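Open the model in your viewer and keep the selection box at hand. This is a short tour with four stops.

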Amino acid sequence: MTDPTTRRTVRLTVAQALVTYLSRQYSVADGERRRLIPAALGIFGHGNVAGLGQALDQLSDELPFVQGRNEQALVHIATAYAKASTRHATLAVTASIGPGALNMITGAGLATVNRLPVLLLPGDTYATRHQGPVLQQLQHPIEADTSVNDAFRPVSRFFDRITRPEQLLTALPAAMRALTDVDTGAVVVSLPQDIQSHAYDYPAEFFAERDWPIRRPAADADEVAAVARLLAEAEKPLIIAGGGVVYSGATEELEALADAAGIPVAETFAGKGAVQRRAWWQLGGIGLEGTPAVNTLAREADFVLTVGSRLTDFSTASQSIFQNPDVRFAAVNVNVHDVSRLGATGIVADAKRALAALTEAVRANGTTTSPAWQDKARALHETWWTQRAAALDPDTPFDLSAEPADSDVVRDTDAVLTQGQLIGLLQEHAQDGDTIIAAAGGPPGDLQKVWDATEGRRAHLEFGFSCMGYELPAAIGVRFATPDPARRVLSLLGDGTFLMAPTELVTAAQEKLPLTVVIPENHGYQVIHRLQMVRNGREFGNEFRYREGGLQLAETGGGTKPARLEGDYLKVDLVQTATGLGARAIRATTAAEVRTALADTRDHAGPVVLVVPVIPHADLPGSGVWWDVAPAEVSEQESVAQLRREYEEGLTSQRWYG
């Protein structure tokens with residue numbers, strides 16, 4: 001027995017112990033061992049500079065530090081790195097107390113919603129309380145131990161506050177377990193400012209290298225048999241592939257099942273690219289921003305197998321897309337809550353292992369779909385592929401004269417391309433190993449509908465949280481995870497998103513990261529404008545327009561009617577903005593100019609911003625499904641009343657599945 005009095009210890013501050021510990025943690029998956037947290041990102045303030053700042057400086061060889069411009073964006077970088085690393089690694093992010101910490105809340109929510117691991121290390125107010133109240137401290141009237149960091153609790157998978165140095169001995173292993181769990185998310189270790197600098201004699205073995213396995217739960221044979229029976233009984237089956245297929249690396253197993261049983265495969269946003277092989281059963285996106293072909297098949301399907309998805313309302317068209325009265329559901333998921341959605345028969349297991357077992361059962365049973373179902377899938381997809389080609393063709397001018405008289409397509413800008421045609425140019429340019437990123441506004445929906453993410457062309461769509469401001473920092477995270485500069489990392493984001501959070505271009509320039517930002521300039525939050533038009537019938541507050549005469553706020557009732565935001569489009573020079581932030585920026589208007597810009601900048605050793613004016617309100621073909629966004633039930637505007645009646649008709653298509 002070891003004499004505890006002879007145990008070797010190391011005296012370190014809490015911050016030094018934390019950084020040392022993080023530098024020696026590894027994930028292990030499928031025989032691959034890698035650093036679980038290879039770097040830290042952050043912005044220093046008085047709440048973390050003397051503690052974590054000192055430790056990161058002293059130990060920078062063990063845990064490199066990346067300086068950022070906005071705390072929320074730094075969390076997005078770490079989350080995108082985790083996504084591009086298929087959840088086998090992530091980054092740590094630190095911020096100061098108060099507003100610095102709170103700036104990370106949105107990023108924490110995004111990571112947790114998307115089941116992506118990220119380690120957050122916010123500073124917190126003093127634990128000793130001798131100094132209080134301190135700068136930026138929240139004083140709660142009846143909960144004296146509450147700080148702003150408690151706001152992390154509902155958006156995190158794991159939360160702990162370190163008020164004694166020795167608490168790290170249990171807190172850090174628990175944090176690592178959460179980061180490597182199959183049901184992961186934001187992990188928050190809250191660090192009071194004073195405690196970061198307190199010292200303790202830590203056991204030396206605490207800092208030994210440690211491996212954390214990424215588990216692959218095996219499929220239960222009875223659960224596999226139950227789903228195999230449902231599949232054998234089905235005449236019109238459909239598979240929906242979610243992000244779990246990608247994270248599990250189950251692409252080959254999914255393709256083998258679809259091939260063996262002859263089942264069409266649709267993809268969610270997170271599952272985009274889950275199928276890499278070109279085949280008749282590879283059909284693309286489902287739901288509100290899916291293809292008409294997939295959505296038609298979904299309406300008729302009598303059996304739906306979902307793999308690695310929690311099926312948000314975009315995928316199910318607010319529970320209205322599956323219209324076959326005899327439809328039955330099955331699901332594969334590591335999460336016991338997600339596996340039972342829609343009353344599904346579940347296989348609680350890793351997607352790779354479950355799909356392999358299910359394929360074996362299908363082959364043993366000789367299960368396959370009818371030629372009629374396969375022919376229908378082929379015919380629908382071929383029809384859509386023709387529509388898609390026309391919508392993406394950048395060399396055929398968009399015919400404004402063909403638009404109906406009541407169309408709100410804007411005809412008087414300098415744009416000659418539609419957003420769809422710009423995507424066509426990006427698709428034409430994309431190569432094996434390239435990654436395209438999108439998260440909010442029109443780009444992710446358009447990519448879900450038309451992007452070909454097969455044959456090594458990766459799609460990184462964040463649509464669990466659909467967070468504006470994710471796209472540009474995500475490019476940094478993906479580039480960190482994909483260091484080969486021959487593989488282009490490209491973010492497609494609207495001008496509204498770019499104006500909200502462009503500052504991480506400075507970080508990309510500082511780190512000399514080759515990445516490309518493409519901005520379709522359409523002068524507004526146009527995807528919400530589109531929704532507004534179909535639910536309210538008139539534009540309000542979504543386009544970037546001047547207010548003629550300015551706004552005069554009335555101090556008393558009455559007075560003149562204030563002018564609305566209905567003037568000319570704002571004159572904003574996005575190229576000059578991007579140039580000033582350190583990027584190589586180009587404005588390209590025609591298809592030829594876009595092609596030249598993409599080719600000339602592919603090997604640029606730093607951030608590139610390509611601004612392309614696109615025709616406002618010229619949208620891709622619709623998906624043909626309904627979405628539950630309710631117009632006002634009471635309104636003085638007749639247009640709203642009519643839209644409300646149409647909405648209530650749509651409600652009749654919603655179903656409850658158990």
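The stops below cover a helix, a pocket and two charged residues. The model is a predicted one.

**Stop one: helix α3**

Select residues 71-84. This is helix α3, with 14 residues. Its first and last C-alpha atoms lie 20 Å apart, close to the 20 Å expected at 1.5 Å a residue. Is α3 mostly covered or mostly open? It is mostly covered: 13 of its 14 residues are buried.

Now look at the two ends. At the start of α3, pick Asn-70. A side-chain oxygen of Asn-70 comes to within 2.9 Å of the backbone nitrogen of Gln-72. After the helix, select Thr-86. The phi of Thr-86 is positive, near 50°.

**Stop two: the second largest pocket**

Select Arg-87, Gly-243, Gly-244, Tyr-247 and Gly-308. Of the 46 residues that line the second largest pocket, these lie nearest its centre. The pocket's volume is about 670 Å³. Three elements give two or more residues to its lining: α8 (243-248), α11 (313-316) and β16 (328-333). Which of them gives the largest share? Helix α8 does, with four residues.

Colour the lining by residue type. You should find 17 nonpolar, 17 polar and 12 charged residues.

**Stop three: Asp-338**

Move on to the loop between β16 and β17 (345-348), and select Asp-338 there. Is Asp-338 buried or exposed? Its relative accessible area is 4%, and buried means under 20%, so Asp-338 counts as buried.

Show its neighbours. Leaving out residues up to four places away in sequence, Asp-338 touches Arg-115, Ser-309, Arg-310 and Asn-333. Then add Arg-341. The side chains of Asp-338 and Arg-341 are joined by a polar contact of 2.9 Å.

**Stop four: Arg-587**

Select strand β22, residues 584-587, and find Arg-587 in it. Its relative accessibility is 38%. That value falls between the 20% limit for buried and the 50% limit for exposed, so Arg-587 counts as partly exposed.

Which residues does Arg-587 touch, not counting those up to four places away in sequence? They are Asp-414, Glu-521, Val-575, Val-611 and Pro-613. Draw distances to two of these. A polar contact of 3.0 Å links the side chain of Arg-587 to that of Asp-414. Another polar contact, of 3.0 Å, links the side chains of Arg-587 and Glu-521.

For a last distance, pick the C-alpha atoms of Arg-587 and Leu-380. They are 207 residues apart along the chain, and 38 Å separates the two atoms.

Definitions and conventions:
Residues are numbered from 1 along each chain as its sequence is written. This is a predicted model: local features need pLDDT of at least 70, side-chain atom pairs count only at pLDDT 80 or more; totals for chains, interfaces and linings use all residues. Side-chain values use heavy atoms; hydrogens and water are left out. The expected span of a helix is 1.5 Å times one less than its number of residues. Buried means under 20% relative accessible area, exposed over 50%, partly exposed in between (1.4 Å probe, protein chains only). A polar contact is a pair of N or O atoms within 3.5 Å; within protein, one must be able to donate a hydrogen and the other to accept it, and residues adjacent in sequence count only if both atoms are side-chain atoms. On a 1 Å grid over the protein atoms alone, a cavity is a set of points where a 1.4 Å probe fits but cannot get out, and a pocket is an open set with protein on both sides within 12 Å along at least five of seven lines; lining residues have an atom within 4 Å of a point. Grid points are joined across faces, edges and corners, and a volume is the space filled by probe spheres set on the points. Ala, Val, Leu, Ile, Met, Phe, Trp, Tyr, Cys and Pro count as nonpolar, Asp, Glu, Lys and Arg as charged, and the others, Gly among them, as polar. Contact means heavy atoms within 4.5 Å.
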